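Here is a briefing on one protein chain, grouped by topic. Look at the model first, then work through the points.

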Amino acid sequence: MIELYHFAFSTCSQKVRLVLEEKGLEFVSHEVNLLTGEQHDPEYVKLNPMQVVPTLVHDGEVLIESSLIIKYLDDAFPQPPMRPADALGRYAVDHWMKRIDEVLHRAAPIVTFALGPRKGLLEQPAEVREANIEAMPDPVARATRRSVIEHGVKAPEFAGALGVFLDTLDAMESELAERAWLSGDRFGLADASLLPYVLRLEHLAMDPLLDRSVRPALADWIARVKALPSYARAVEGWVAPAVVEMMRSGGKEAWPEIEPLTRRDGS
Ligand SMILES: N[C@@H](CCC(=O)N[C@@H](CS)C(=O)NCC(=O)O)C(=O)O
């Protein structure tokens with residue numbers, strides 16, 4: 001039996017759900033609401049001491065770390081294979097996953113919280129908001145979260161985090177200009193790992209960055225991923241339209257301030 005502790009909008013949860021669905025694996029869902037701090041519940045912390053989602057439990061074995069979880073799933077349930085068979089192809093997938101874990105994933109909450117849930121969080125009683133921030137185990141992440149909730153796109157961390165997203169989109173564009181997928185000859189672990197971050201930009205109304213006129217190969221890849229049955233089940237089946245609307249309205253409102261930060265040609 002597979003159980004998944006996850007949150008609808010979490011990038012790392014989407015990544016794991018995409019792989020579970022692609023492999024046709026059923027799972028028992030336990031939603032952990034990150035916005036109300038359920039990741040800090042002592043019972044959950046016993047499963048995931050990092051106080052983050054996702055956590056996968058397979059036949060009683062607890063697995064954390066989304067990249068390790070999806071590799072585990074690909075090993076434990078090899079059909080369909082989601083990594084190339086050859087060493088260089090596997091290296092390329094690992095390289096994307098490392099880059100995501102070490103760079104892109106750190107930028108994601110900065111961009112997200114500066115735009116999406118910020119307004120709602122600022123309406124919460126300050127002591128509730130502060131208690132949830134204080135419960136985050138990593139002091140650097142705590143300070144950054146405070147800064148972006150307080151200052152939004154004007155937070156000193158914002159422009160650099162946006163730049164990480166732009167670098168990733170450009171790297172994807174140049175690779176996708178050569179091939180349809182980032183994981184070999186079919187949708188695989190690198191694609192499933194990147195999609196949630198690209199989707200995050202869409203959910204934050206940064207559509208101009210994903211437009212076919214700017215990044216045509218990326219736009220085609222997004223359309224290919226969205227046409228997969230696993231996408232509908234793993235993503236659309238979970239993300240509430242009202243929350244997408246809340247995220248998009250935060251992004252739209254801030255776009256005039258964001259747009260100059262996205263220009264890289266000096267214009
Ligand atoms: N390296 C971890 C990172 C997990 C992570 O950061 N999850 C986020 C959601 S995508 C989370 O649970 N954040 C909790 C919080 O913001 O307090 C993994 O890949 O599983």
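Domain bounds here come from an automatic or database domain assignment. The model is predicted. The chain divides into domain 1, residues 2–76, and domain 2, residues 87–262. The centres of domain 1 and domain 2, taken over C-alpha atoms, are 19 Å apart.

**Domain contact**

- Domain 1 gives 19 residues to the contact, and domain 2 gives 23 residues.
- On the side of domain 1 that touches domain 2, α1 and α3 each supply at least two residues.
- The largest share of that side comes from α1, with eight residues.
- By class, the side of domain 1 that touches domain 2 has seven nonpolar, six polar and six charged residues.

**Sheet**

- Four strands form an open sheet in the order β2-β1-β3-β4. The pairing in this sheet is mixed.
- Which strands stand at the edges? They are β2 (28–31) and β4. Each has a single partner strand, so one side of each is left without a neighbour in the sheet.
- From one strand to the next, the twist averages 20°.
- Strands of a sheet pair through backbone hydrogen bonds, either parallel or antiparallel.
- Strand β1 (residues 2–6) pairs with β3 in the antiparallel sense, over four bridges.
- Ile2 stands opposite His58 in β3.

**Hairpin β3–β4**

- Strand β3 (residues 55–58) and strand β4 (residues 61–64) also pair in the antiparallel sense, and four bridges join them.
- These two strands form a hairpin, with two residues between them.
- Asp59 lies in the turn and has a positive phi of about 45°.
- Reading along β3, Leu56 stands opposite Leu63 in β4. Val57 stands opposite Val62 in β4. His58 stands opposite Glu61 in β4.
- His58 therefore has Ile2 opposite it on one pairing and Glu61 opposite it on the other, given that strands pair when DSSP finds at least two bridges between them.
- In a regular strand the side chains alternate between the two faces of the sheet.

**Ligand shell**

- How many residues are around the ligand? There are 13.
- Ser10, Cys12, Val52, Val53 and Ser66 come nearest to the ligand.
- Two helices, α1 (11–22) and α3 (66–76), each supply at least two residues of this shell.
- The shell divides into six nonpolar, five polar and two charged residues.
- Both α1 and α3 thus appear in two places: each supplies at least two residues of the ligand shell, and each supplies at least two residues of the side of domain 1 that touches domain 2.

**Helix packing, α3 with α9**

- Two packed helices are described by the angle between their axes and the distance between the axes.
- For α3 and helix α9 (residues 189–203), the angle is about 145° and the axes are 11 Å apart.
- Is the crossing of α3 past α9 left-handed or right-handed? The crossing is right-handed.
- Which residues meet? From α3 come Ser67, Ile70, Lys71 and Asp74. From α9 come Leu189, Ala192 and Ser193.
- By class, this contact of α3 with α9 has three nonpolar, two polar and two charged residues.

Notes:
Residues are numbered from 1 along each chain as its sequence is written. This is a predicted model: local features need pLDDT of at least 70, side-chain atom pairs count only at pLDDT 80 or more; totals for chains, interfaces and linings use all residues. A residue is near a molecule or strand if its C-beta atom, placed from the backbone, lies within 6 Å of it. Ala, Val, Leu, Ile, Met, Phe, Trp, Tyr, Cys and Pro count as nonpolar, Asp, Glu, Lys and Arg as charged, and the others, Gly among them, as polar. Axes are lines fitted to C-alpha atoms, for helices over the stretch in contact, and angles run from 0 to 180 degrees between N-to-C directions. A crossing is left-handed if the near helix is turned anticlockwise from the far one by less than a right angle, and right-handed if clockwise. Two residues are in contact if their C-beta atoms, placed from the backbone, lie within 7 Å.
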